[in-house]
Amino acid sequence: MKGEFATTDEAAIRALAEARKQEPGALLPILHAIQDELGYVPEAAVPIVADVLNLSRAEVHGVVSFYHLFRTAPPGRHTLYLCRAEACQSMGARALEAYVRDKLNVDFHETTADGRFSLEPVYCLGNCACSPAVMIDETVHGRVTPERLDELLS
Ligand code: FES
């Protein structure tokens, strides 16, 4: 459940950072906490976290941009995870990937213009016997063809 404060609520972001600043390697836990609360790590959080941890803004920004798991923009209402691991690739995941990129007009780690879907890669959903697999929000789907994907996204 996302929190109730606005992404511009600097005091709340600072409180999240202050609460974890003593943890070993506090930067990652702080960034995770912000993303858990807001759904992403807004640009406005970078100087606040840098200040709390006595780091440069460039250091914080570098970590945010290095790890793809951190979003820097609000996520879509739904997340489509497309498996890129071997079993799925051998069963057509690459073609599915090309299809979905074209259909949604996004690349991985991006969100559709209407804010409906974010596209994320995943490396095995534990559904290899039913490759290729995708997961939409919490639900895994197997043997996904472009036609089936159209149905799932509609
Ligand atoms: S390789 Fe795709 S679900 Fe395992």
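Colleague: Let me start with one residue: is E147 buried or exposed?

Modeller: E147 is exposed, because its relative accessible area is 53% and the cut-off for exposed is over 50%. You will find E147 in helix α7, residues 146–153. Please keep in mind that this is a predicted model.

Colleague: How far is E147 from D36 in space?

Modeller: Their C-alpha atoms are 33 Å apart, and 111 residues separate the two in sequence. For scale, the C-alpha trace of the chain spans about 50 × 30 × 25 Å along its principal axes.

Colleague: Where is the confidence of the chain lowest and highest among its elements?

Modeller: First the general idea: where pLDDT is low, the predicted coordinates should not be read in detail. Here the chain averages a pLDDT of 92, and 95% of the residues score at least 70. Strand β2 (residues 110–111) has the lowest mean, 92, and strand β5 (residues 139–141) the highest, 98. Take care with residues 1–5, where pLDDT stays under 50.

Colleague: Which elements make up the chain, and in what order do they run?

Modeller: There are 7 helices and 5 strands. Starting at the N terminus, the order is α-α-α-α-β-α-α-β-β-β-β-α.

Colleague: Let's take one helix. Why does the distance between the ends of α2 agree with its number of residues?

Modeller: Helix α2 covers residues 27–38, which is 12 residues, and at 1.5 Å a residue it should span 16 Å; its end C-alpha atoms are 16 Å apart, so the two agree. Just after the helix comes G39, with a positive phi of about 95 degrees.

Colleague: Which residues of α2 are buried?

Modeller: They are L27, I30, L31, A33, I34, Q35 and L38. These buried residues pack against α1 (10–20), α3 (45–53) and α4 (57–66).

Colleague: How do I read the packing of two helices?

Modeller: Two packed helices are described by the angle between their axes and the distance between the axes. For α2 and α3, the axes come within 11 Å and cross at roughly 145 degrees. The crossing is right-handed. L27, I30 and I34 of α2 meet A45, V49 and L53 of α3 there. By class, that contact has 6 nonpolar, no polar and no charged residues.

Colleague: And what about backbone angles?

Modeller: Most residues other than glycine have a negative phi, and most peptide bonds are trans. N105 is not a glycine, yet its phi is positive, about 60 degrees. N105 sits in the loop between α6 (93–104) and β2, and counts as exposed at 67% relative accessibility. C124 is another non-glycine residue with a positive phi, near 90 degrees. The loop between β3 and β4 holds C124, which is partly exposed at 37% relative accessibility.

Colleague: Which peptide bond is cis?

Modeller: The bond from S131 to P132 is cis, with omega near -10 degrees. P132 lies in the loop between β3 (117–122) and β4 (134–136).

Colleague: Which residues does C88 contact, beyond its neighbours within four places in sequence?

Modeller: C88 touches C83, A93, S131, P132 and A133, so both residues of that cis bond are in the list. C88 belongs to helix α5, residues 86–90. Its relative accessibility is 3%, so C88 counts as buried, the cut-off being under 20%. In the chain as a whole, buried residues make up 41% of the 154 residues.

Technical notes
Residues numbered from 1 in each chain as written. Predicted model: local features only at pLDDT ≥ 70, side-chain atom pairs only at ≥ 80, totals over all residues. Heavy atoms only, no water. pLDDT = per-residue confidence, 0-100. Helix = DSSP H or I, 4+ residues; strand = E, 2+ residues; numbered from the N terminus. Contact = heavy atoms within 4.5 Å. Expected span 1.5 Å × (residues − 1). Buried < 20%, exposed > 50% of the residue type's maximum accessible area, 1.4 Å probe, protein only. Axes fitted to C-alpha atoms, helices over the stretch in contact; angles between N-to-C directions. Left-handed = near helix turned anticlockwise from the far one by under 90°. Nonpolar A, V, L, I, M, F, W, Y, C, P; charged D, E, K, R; others polar.
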